[in-house]
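This report describes selected packing features of a two-chain model. The sequence and structure are shown first, and the description follows.

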Amino acid sequence: MLRYGVRRLLGLIPVLLAAVILTFLANQAVPGDPITGLLSDQSGDAALEARLRAAYGLDRPLWQQFVDYILGVLQGDFGLSFRFAQMPVIDIIGEGLLISPVLALSALAIAFPLGMLLGTIAAIRQNSWVDTSIILVLVAGISVPNFALASFLVYIFALQLDWVPVAGWGSFSQAIIPITLLVVPTSAYIARLNRTYMLEVLRTDYIRTARAKGLREKIVIWRHAVRNTLVPLLTTVGIILGGLLSGTFVVETIFNIPGLGSLAIQAIFARDYPVTMAIVLLFTVFYAGINLIVDLLYSAIDPRIRLGDRAA
Amino acid sequence: MRQVPVIGPIRRGLQSDFALRFRRSRNAMIGSVLVSIVLVVAIFAPWLAPYDYEQINMLAIWRPPGGEHLLGTDALGRDVFSRILIGARVSLTVAGSVLAITLTIGVTLGMIAGYFGGWAETIIMRTVDIIFAFPELILAILVAAVLGTGTTTVIIALSLVWWPGIARLTRSLVLSLREEMFVDAAIASGTRSWRILLRHLLPNIASPIIVRASVGVGFIIMAEATLSFLGIGVQEPTPTWGGMIRDGLAALRTDPHLALFTSLALAITIIGFNLLGDGLRDLLDPKVRDR
């Protein structure tokens, strides 16, 4: 178990290195000279230009810039912003740092049990009208993009019924629609998977045994069956979180939530590439970290899986 | 288990068997009807649209639905109905291009990795792993940020995040088929590798790949709309559903028709493709077929 954990941790290094190289190269590949953009009015001032170039490290050779970038990133220094002269990127993204993960994780915390419940109910009533209508709702939940759903929800609940504020961030009522938007597709996705797994589990011998020895159906389902669908469900948490993180980009933009997602989008339009790249890098690290935790949990929960001992 | 009653000749052709099961699947039928409507709209949009989608009329901005303009007009007085119709065309063009590119690249690289192995496999699968390490949409946004906005950018960005899945699936399918007797027989009789790949392996892996592709169309349309919504996709004056919803959301309080009707069109389209994709998967995937 420990050996497996260490190996997985080491396996992250090439991925993160690739992410850093990609973001660095992306920074280089973008069109235009950032210093020219910063100078704007004082474009004739050669001394100022030289000073800015030195401050941004752009006067050094490319390989040294790369080494400096990696060393900086390791210490939480993502360089300077192109939009706000000489302002460290970390100061810009610092305030919103936790908002996106908090949004994503709270949506996950609601969506997971909800999805399991819906999927289980659909599976127990397979092919009945309950099952059919749940499936239709789930397909709709997965299909309708969050910003399309947002226009319906905001129109009905914020503008027509006036139950919640239209946008903003800070109060509980302002978080209801944004989190709902993240919960709907996520719980639908989990429910669909859980329905499939549950149908498989309900056909197994140990469920037949549980029923044969006279256990009540409630206990058979919620204690024996659900526990066995949890393991395959857990492996998909990584994918789910990837979707949720992407979802925060849209949801934060719609509702003016000052998280990393909306910051990244603003930075793209302001051509503030160091900020964009830093956020992409942070999201990738967060995503990779969660995937690692899920893999470790997976092998811890299911004793049949001895990932550490498997010949690599 | 649903038993199909055997009436008449037992040996029924694969085609008619498929058609029969397809017609029995309610969701697949609903999906195919919705998809057909969207396809017809996309193909004939320029002739179906009552107005020129680019025609600006500052004297008729934000007209409500009804009257001269079926679904009203937008901030520049352009006909919303016409723009939604053309939007279908834009959306499906991007999705079709992405699908064609990712299938070509993904199947080719996946077959090479699975059949030949060695360093080619290592390079291809490591690349796949690295791309998988990024959340899909975030990588697409990164690519769009570097390349600048536009239709080509969207197609490149979405192709980049979508081919690894196809490649991984293709590789695993080829890996399991490579040990089969018919491949050994082909090798033994001196068939060239590319011929084995094209003639013997490709037809055998086609159906799961078609399923994967059809399930993916809905995702690609959604991703394209999301990029357009964020403003880093297809640009004005070309109408995109994502862009129209963004414009409509800003005016939701006073003129909700733009956001609501466009959202409806987008939702129906993706629901249609997902129902069809799910239906095809249920029919073509032997693991879930007989449930």
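In this predicted model, helices α6(A) and α12(A) cross in a right-handed sense. Helix α6 of chain A spans residues 99-124 and helix α12 of chain A spans residues 237-255; they pack at an angle of about 125°, with their axes 9 Å apart. Angles that are neither under 35 degrees, nor over 145, nor from 65 to 115 count as oblique, and α6(A) is therefore oblique to α12(A).

On the side of α6(A), the contact is made by A:Ser100, A:Leu103, A:Ala104, A:Ala107 and A:Leu108. Helix α12(A) contributes A:Ile240, A:Leu241, A:Leu244, A:Leu245, A:Thr248 and A:Glu252. By class, the residues of this contact comprise 8 nonpolar, 2 polar and 1 charged.

Between the chains, 36 residues of chain B are in contact with 38 residues of chain A. On the chain B side, the elements that give two or more residues are α5 (136-147), α8 (193-229), α9 (241-250) and α10 (257-284). Of these, α10(B) gives the most, with 9 residues. The side of chain B that touches chain A divides into 26 nonpolar, 7 polar and 3 charged residues.

The two sets of contact residues are listed by class below.

| Set of residues | Nonpolar | Polar | Charged |
|---|---|---|---|
| Contact of α6(A) with α12(A) | 8 residues | 2 residues | 1 residue |
| Side of chain B that touches chain A | 26 residues | 7 residues | 3 residues |

The largest nonpolar core has 167 residues, and those with the most contacts inside it are A:Ile279, B:Ala140, B:Leu158 and B:Ile220. Helix α3 of chain B (residues 80-116) supplies the largest share of this core, 19 residues. Beyond its neighbours within four places in sequence, B:Leu158 is in contact with B:Val98, B:Ala140, B:Ile220, B:Ala223 and B:Glu224. Two of these partners, B:Ala140 and B:Ile220, are also named among the core residues with the most contacts.

A further position in chain B is B:Thr151, which lies in helix α6 (residues 151-178) of that chain. B:Thr151 counts as partly exposed because it has 18 C-beta neighbours inside 10 Å, whereas a buried residue would need 20 or more. With neighbours within four places in sequence left aside, B:Thr151 is in contact with B:Val94 and B:Val234. B:Thr151 and B:Thr93 are separated by 58 residues in sequence, and their C-alpha atoms are 9.8 Å apart in space.

Notes:
Residues are numbered from 1 along each chain as its sequence is written. Chains are lettered from A and ligands numbered from 1 in the order in which they are written. This is a predicted model: local features need pLDDT of at least 70, side-chain atom pairs count only at pLDDT 80 or more; totals for chains, interfaces and linings use all residues. A nonpolar core is a set of buried Ala, Val, Leu, Ile, Met, Phe, Trp, Tyr and Cys residues joined through C-beta atoms within 7 Å. A residue is buried if 20 or more other C-beta atoms lie within 10 Å of its own, exposed if 12 or fewer, and partly exposed in between; C-beta atoms are placed from the backbone. Helices (H or I, at least four residues) and strands (E, at least two) are DSSP runs, numbered from the N terminus. Two residues are in contact if their C-beta atoms, placed from the backbone, lie within 7 Å. Ala, Val, Leu, Ile, Met, Phe, Trp, Tyr, Cys and Pro count as nonpolar, Asp, Glu, Lys and Arg as charged, and the others, Gly among them, as polar. Axes are lines fitted to C-alpha atoms, for helices over the stretch in contact, and angles run from 0 to 180 degrees between N-to-C directions. A crossing is left-handed if the near helix is turned anticlockwise from the far one by less than a right angle, and right-handed if clockwise.
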